Amino acid sequence: MQLNANQLAASKFKNGIASVVAVPGSGKTLTMTRRIAYLIQHYGIAPESILGLTFTRNAAQAMRDKLKHILNDIAAKVTLSTIHSFCYTILKNEGKVFELLHGVEQIRFIRSIMKKHKIRTLSPGTILREISLAKNNIISEYEFREIYLDDPTMEIIGLIYQAYETEKTNSFLMDFNDLIIEACELLRNNPEIQEKYQQTHRHILVDEFQDTNPAQAEILNLLVSRAKDSSFYVTGDDWQAIFNFIGASVGNLLNFQRTFPGSKQFILDMNYRSTPQILTACFNLIQHNVRKIDKSLLTENPDGQAVLVIDASNEDDEAIRITQEIQGLVSDKYEYRDVAILYRANSQSRVIEDVLSQNEIPYHIENGMTFYQRREVKILLNYLRLIHDPESVEGDDALKNVINAPNRYIGKKFIAELEEYAQHENINHLYESLKRKPVVVPYLKHNIREFIKLIDSLMQKIETAKPAEMIMMLRETLDYDRWISEDDIPSPDDNLIANLNELQIAASKYKDIPTFLNYTDSFRDQTRNDKAGVSLMTIHKSKGLEFPVVFCIGFVDGVMPNVCGDIEEERKIAFVGISRAMKLLYLSHATIRMGRPVKQSPFLDEILGLKK
Ligand SMILES: Nc1ncnc2c1ncn2[C@@H]1O[C@H](COP(=O)(O)OP(=O)(O)OP(=O)(O)O)[C@@H](O)[C@H]1O
Ligand SMILES: [Mg+2]
């Protein structure tokens, strides 16, 4: 592949500081990879002295694969990593003793602190999100408390933030944000260590720089050597900055030349990915954003088909029409792996998964879990399983999965005792064992009695209640939605409650529980996770990727743009989605969604150039 003049100039950049500001599909990632190869092959730079940073592990892996193509074994000597995992390595190398605190453990940790401080008005998820946002912006617990002196809610969060930091340090734990902050501190306070890393990684390259946050900018600032024979090279596109909600600051890219006076800037505006029709659609859309750098979006690619819109009556119809299109494409010249279905929110995958699998179309969920495997969904399915069939091995597994969901303070030890008791007393299954086992600890006794009461009462309804009704009863009796969302650290593309609503809709199509469970079980098999199949993912996960055929679905008001989002940020998300397409772009929407009439997204007319 021949680089164009601007790409070539960027790829030959040797020493100093440079930014590449470009449009989607203009070869930012390609040029960055080529530059690494060029440094090694033409300037004789040691591969070990090159550090390439990307946003996700997948992106790092993709770059490694490409580099291997050019450099063979030498490629392995280049460090390609995410900023977080690079900081983890620094800290471990320098002898820091710590364990990573994340996921459920992190929720548990914060909950125990909240309990100590008797905080019941806020959820752990909300508190963790605020703490993380503050840390991404390098606001310490002390500064945080000062900033929010007059805000009662934030004052509480500040109090927890401070306790969280102290307890974490005392227990030798670090969360993801700490990796960066601690690495910054280590380098700042130890010039000899900083010098060592600057010496080792003389050439630092960062892809998707528009999505770095202030903490990441700070660690880069500390890592970058100012020596004459070194370089710092970043690449990004402000039109694709979609991680503001976690504190990413597109200003890092926009103000780059001010931050690094004398740095060189390369502009890539020739798109190699998409047809002129798709690019016009992208350009039409982004024009409606006020806050942006003006750039042109050129291509020399041959004409393709017009962007296609699917007007469906409801979500099922939308999924069916998409499936039919895919079948048509595959019988023509495309393969399943050429096709991606992109959506704004994770819960939108359910309808698509159902229809694809009914039609035996292989698919996989990129960087995520298929719908019926998601934790919040799986727990409810396990409740159904336990209620339906407590006298089975599956029932035993289901019981173990649900007994502590929501939290009943029943530990692993108790489960082990329960299993032992069953064996000793010759009881075949755990639910029976739970009913018979004497329990002395009062709160445990109470919680178990309540649990049994619930399951027994639901068992009596099993003949008459339909699966959807049963799910609704579980959600209500267990106060399940509240429990699930309290633990949730809100993410831009996942809404756990929306997943539960989708589950209920899926269940409403089945008359009895065993048939519904059989159906959801069928998703465990391999064809539902076929890498050679159609790719399903949220737009956020599709960053940097490209596919010959892209279906961007759910162009309805409230979904895309999302109800909670800032309109310009939402527009950039839609822009990232549609700019993944190489040859064919489909946009779909339904007139009825979840049983209610919905308006089509204003973005549709913008994309089609119908709104000036
Ligand atoms: N000079 C070129 N000649 C031919 N194809 C090219 C050239 N430059 C880039 N491409 C191709 O264009 C596509 C987009 O490249 P790449 O993914 O590097 O773009 P990008 O700017 O990083 O996009 P994004 O903004 O989506 O991350 C790839 O398929 C790449 O191989
Ligand atoms: Mg890229």
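In this predicted model, ligand 1 is surrounded by 19 residues, and the closest of them are Gly27, Lys28, Thr29, Leu30 and Tyr272. The element that gives the most to this shell is helix α2, which spans residues 28-43 and supplies three residues. In terms of residue character, the shell around ligand 1 divides into six nonpolar, nine polar and four charged residues.

From the ligand we can turn to the sheet, which is an open one built from six strands in the order β3-β2-β6-β7-β1-β8, with parallel pairing. Its edges are formed by β3 and β8, each of which pairs on one side only, and the twist from one strand to the next averages 15°. Helix α4, made of residues 83-93, packs on this sheet and touches β2 and β3, and its direction makes about 110° with that of β3.

Within the sheet, strand β1 (residues 16-22) deserves a separate look. On one side, β1 pairs with strand β7 (residues 231-236) in the parallel sense over six bridges, and in this pairing Gly16 has Ser231 of β7 as its bridge partner. Strand β1 is also joined by five bridges to strand β8 (residues 264-268), and these two strands likewise run parallel; here the bridge partner of Val20 is Phe266 in β8. Why can strand β1 be described as largely enclosed by the rest of the structure? The description holds because six of its seven residues are buried, where a residue counts as buried if 20 or more other C-beta atoms lie within 10 Å of its own. As a general point about such elements, the side chains of a regular strand alternate between the two faces of the sheet.

Elsewhere in the sheet order, strand β2 (residues 50-54) pairs with strand β6 (residues 203-206), again in the parallel sense, and four bridges hold the register between them. In this pair, Ile50 stands opposite His203 of β6.

The backbone also has some less regular places, and two residues other than glycine have a positive phi. One is Asn72, whose phi is about 55° and which lies in the loop between α3 (57-71) and β3 (79-82), the latter being an edge strand of the sheet. Is Asn72 buried or exposed? Asn72 counts as exposed, because it has 9 C-beta neighbours inside 10 Å, and the limit for an exposed residue is 12 or fewer. The other is Phe172, where phi is near 55°; Phe172 has its place in the loop between α8 (152-170) and β5 (173-174). With 11 other C-beta atoms within 10 Å, Phe172 is therefore exposed by the limit of 12 or fewer.

Two cis peptide bonds, each leading into a proline, complete this tour of the backbone. A cis bond joins Ala405 and Pro406, with omega about 0°, and Pro406 is found in the loop between α18 (393-402) and α19 (412-424). The peptide bond from Met560 to Pro561 is cis as well, with omega near 5°, and Pro561 sits in the loop between β15 (547-552) and α26 (567-578).

Notes:
Residues are numbered from 1 along each chain as its sequence is written. Chains are lettered from A and ligands numbered from 1 in the order in which they are written. This is a predicted model: local features need pLDDT of at least 70, side-chain atom pairs count only at pLDDT 80 or more; totals for chains, interfaces and linings use all residues. A residue is near a molecule or strand if its C-beta atom, placed from the backbone, lies within 6 Å of it. Ala, Val, Leu, Ile, Met, Phe, Trp, Tyr, Cys and Pro count as nonpolar, Asp, Glu, Lys and Arg as charged, and the others, Gly among them, as polar. Two strands pair if DSSP finds at least two bridges between them. Axes are lines fitted to C-alpha atoms, for helices over the stretch in contact, and angles run from 0 to 180 degrees between N-to-C directions. Two residues are in contact if their C-beta atoms, placed from the backbone, lie within 7 Å.
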